[in-house]
Protein chains: 2
Amino acid sequence: LRTAVFLYPRFSEYEISVALSVLRQGGREIVTVGLNAAPVIGESGLTCIPTCTLDQVGTNDVDSLVLPGCDGIGHLRNESRLFDFIRSVARQGAIIAAISSAPFLLAKAGVLNAHRYTIGFTREQRDFVGVFDENNYVDAPLVVDRNILTAKGAYFIDFGITLGKMLKLDFDQRWYR
Amino acid sequence: LRTAVFLYPRFSEYEISVALSVLRQGGREIVTVGLNAAPVIGESGLTCIPTCTLDQVGTNDVDSLVLPGCDGIGHLRNESRLFDFIRSVARQGAIIAAISSAPFLLAKAGVLNAHRYTIGFTREQRDFVGVFDENNYVDAPLVVDRNILTAKGAYFIDFGITLGKMLKLDFDQRWYR
């Protein structure tokens with residue numbers, strides 16, 4: 001079973017960099033997933049080739065999911081296949097880790113209804129997009145509620161370390177601070 | 001004038017992730033450089049396509065250079081074109097930022113002779129490779145000596161922020177902590 005890491009256009013490289021390193025340290029197999037077969041250019045300009053496309057990755061092969069934040073995540077709002085995928089792995093009880101703006105994708109997919117979460121959006125931004133349950137919002141750097149980890153972008157080191165602990169990986173935190 | 005960022009096989013993604021983000025925030029144009037035209041797989045498994053190859057990048061177009069650490073950097077020890085490139089930009093007074101094991105590349109290229117530096121190697125490792133001047137080694141998280149910035153890997157946030165300051169970029173540090 002592998003960890004799927006989504007790479008969409010303008011994904012934030014640094015926000016998932018420590019998570020990726022922790023997964024590697026822990027000997028986890030990852031699969032990077034693109035919306036299609038095109039190379040993906042991250043927020044800071046790194047051009048990446050995903051391992052496979054969204055249509056190729058089987059939800060049964062995946063027990064965990066990492067969603068990077070994204071510069072202007074609204075451009076993903078009509079990617080219904082992405083939301084189907086998120087719903088599908090959530091139903092299987094996968095560990096899902098979403099940072100910065102990425103909890104928007106979870107809320108939009110309908111998997112944040114019964115989980116406490118945080119996100120790097122202001123109250124006004126959360127109200128504007130209209131998919132968040134304000135009762136479950138927690139103004140914290142990082143929130144773990146059962147299988148779902150959410151974090152604000154600046155806490156990307158804690159995000160990676162906490163994901164590693166949720167997956168019970170063996171790794172050396174001193175690499176990162 | 002652009003910042004060249006080297007991507008060699010097994011480069012550490014997280015070690016340069018904050019530097020890349022600071023460069024982007026500051027509106028710097030970057031060029032990622034591969035040893036050849038092949039996609040490059042980082043230490044954590046991210047597959048990247050460099051903007052150009054070492055033979056294509058002109059040293060005159062570059063005023064700064066970022067060198068990521070690398071899992072087993074010894075595999076680069078015979079890349080004479082890489083050392084030629086480093087010497088060439090150093091002679092032009094470029095700002096050079098090397099993290100973790102990457103100061104090895106600077107020492108090997110002969111540009112660390114008159115600069116204080118740090119590196120993520122033990123004394124035994126430094127002695128073993130035989131290219132370091134021990135008198136200039138500083139056991140610090142981060143060392144800036146004129147145009148050369150060196151840092152230990154765990155200080156990758158400070159590395160990125162210090163590079164941004166050396167390049168006089170305008171950026172928001174709160175993105176990273």
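Start by selecting Lys165(B), which sits in helix 5 of chain B. You are looking at a predicted model, so treat everything on this tour as computed. Show the surface around this lysine: Lys165(B) counts as exposed because its relative accessible area is 53%, and the cut-off for that label is over 50%. Leaving aside residues up to four places away in sequence, Lys165(B) touches Phe171(B) and Gln173(B). For a sense of scale, add Arg126(B) to the selection: 39 residues separate it from Lys165(B) along the chain, and the two C-alpha atoms are 29 Å apart.

**Helix 5 of chain B**

Now widen the selection to residues 156–166 of chain B, the whole of helix 5. How many residues of this helix are buried? The count is 9 of 11, so the helix is mostly covered, taking buried to mean under 20% relative accessible area. Colour them to see the pattern: Phe156(B), Ile157(B), Phe159(B), Gly160(B), Ile161(B), Thr162(B), Leu163(B), Gly164(B) and Met166(B) are the buried ones. Just past the end of the helix, stop at Lys168(B), where phi is positive at about 55°.

**The sheet in chain B**

Next, switch to a cartoon view and pick out the strands of chain B. There are 7 of them in an open sheet, ordered 5-2-1-6-7-9-8, with mixed pairing. Strand 5 (52–53) and strand 8 (142–145) are the edges, each pairing on one side only. As a reminder for the next few stops, strands of a sheet pair through backbone hydrogen bonds, either parallel or antiparallel.

Select strand 1 (residues 2–6) and strand 6 (residues 62–67) of chain B. These two pair in the parallel sense over 4 bridges. To see one partnership, display Val5(B) together with Val66(B), its bridge partner in strand 6.

Keep strand 6 of chain B on screen and bring in the helices. Helix 5 of chain B packs on the sheet, where it touches strand 6, strand 7, strand 8 and strand 9 (148–151), and its direction makes about 180° with that of strand 7. Then add helix 2 (residues 80–91) of chain B, which lies across strand 1, strand 6 and strand 7 (95–99) and runs at about 135° to strand 6.

**Strand 9 and its neighbours**

Zoom in on strand 9 of chain B. Are its faces covered or open? Both faces are covered: Ile148(B) and Thr150(B) are buried on one side, and Leu149(B) and Ala151(B) are buried on the other.

Strand 9 of chain B has a partner in strand 7, with a parallel pairing over 4 bridges. Here Ala98(B) stands opposite Thr150(B). Strand 9 also pairs with strand 8 of chain B, this time in the antiparallel sense over 4 bridges. Show Leu142(B) and you will find its bridge partner in strand 9, Ala151(B). The hairpin of strand 8 and strand 9 has 2 residues between the strands, and Arg146(B) takes a positive phi near 50° there.

**Two more backbone stops**

Jump to chain A and select Arg146(A), in the loop between strand 8 (142–145) and strand 9 (148–151) of that chain. Its phi is near 50°, a positive value in a residue other than glycine. Arg146(A) is exposed, with a relative accessible area of 54%.

Back in chain B, go to Ser100(B), in the loop between strand 7 and helix 3 (103–109). This residue is not a glycine, yet its phi is positive at about 60°. Is Ser100(B) buried or exposed? It is buried, with a relative accessible area of 14%.

**Where the chains meet**

Finish by showing both chains. The contact takes 26 residues from chain A and 26 residues from chain B. About 2,200 Å² is buried between them, and carbon and sulfur atoms give 68% of that area. Highlight Tyr14(A), Ser44(A) and Leu46(A): within chain A these lose the most area to chain B, together 26% of what that side buries.

Last, select helix 1 (residues 13–25) in each chain. The two helices pack at an angle of about 170°, with axes 8 Å apart. That angle makes them roughly antiparallel. Chain A brings Glu13(A), Tyr14(A), Ser17(A), Val18(A) and Ser21(A) to the contact, and chain B brings Glu13(B), Tyr14(B), Ser17(B), Val18(B) and Ser21(B). Coloured by class, this helix contact shows 4 nonpolar, 4 polar and 2 charged residues.

Terms used: Residues are numbered from 1 along each chain as its sequence is written. Chains are lettered from A and ligands numbered from 1 in the order in which they are written. This is a predicted model: local features need pLDDT of at least 70, side-chain atom pairs count only at pLDDT 80 or more; totals for chains, interfaces and linings use all residues. Side-chain values use heavy atoms; hydrogens and water are left out. Axes are lines fitted to C-alpha atoms, for helices over the stretch in contact, and angles run from 0 to 180 degrees between N-to-C directions. Angles under 35 degrees count as roughly parallel, over 145 as roughly antiparallel, 65 to 115 as roughly perpendicular and the rest as oblique. Contact means heavy atoms within 4.5 Å. Ala, Val, Leu, Ile, Met, Phe, Trp, Tyr, Cys and Pro count as nonpolar, Asp, Glu, Lys and Arg as charged, and the others, Gly among them, as polar. Two strands pair if DSSP finds at least two bridges between them. Buried means under 20% relative accessible area, exposed over 50%, partly exposed in between (1.4 Å probe, protein chains only). Buried area is the accessible area (1.4 Å probe) that two parts lose on being put together, summed over both.
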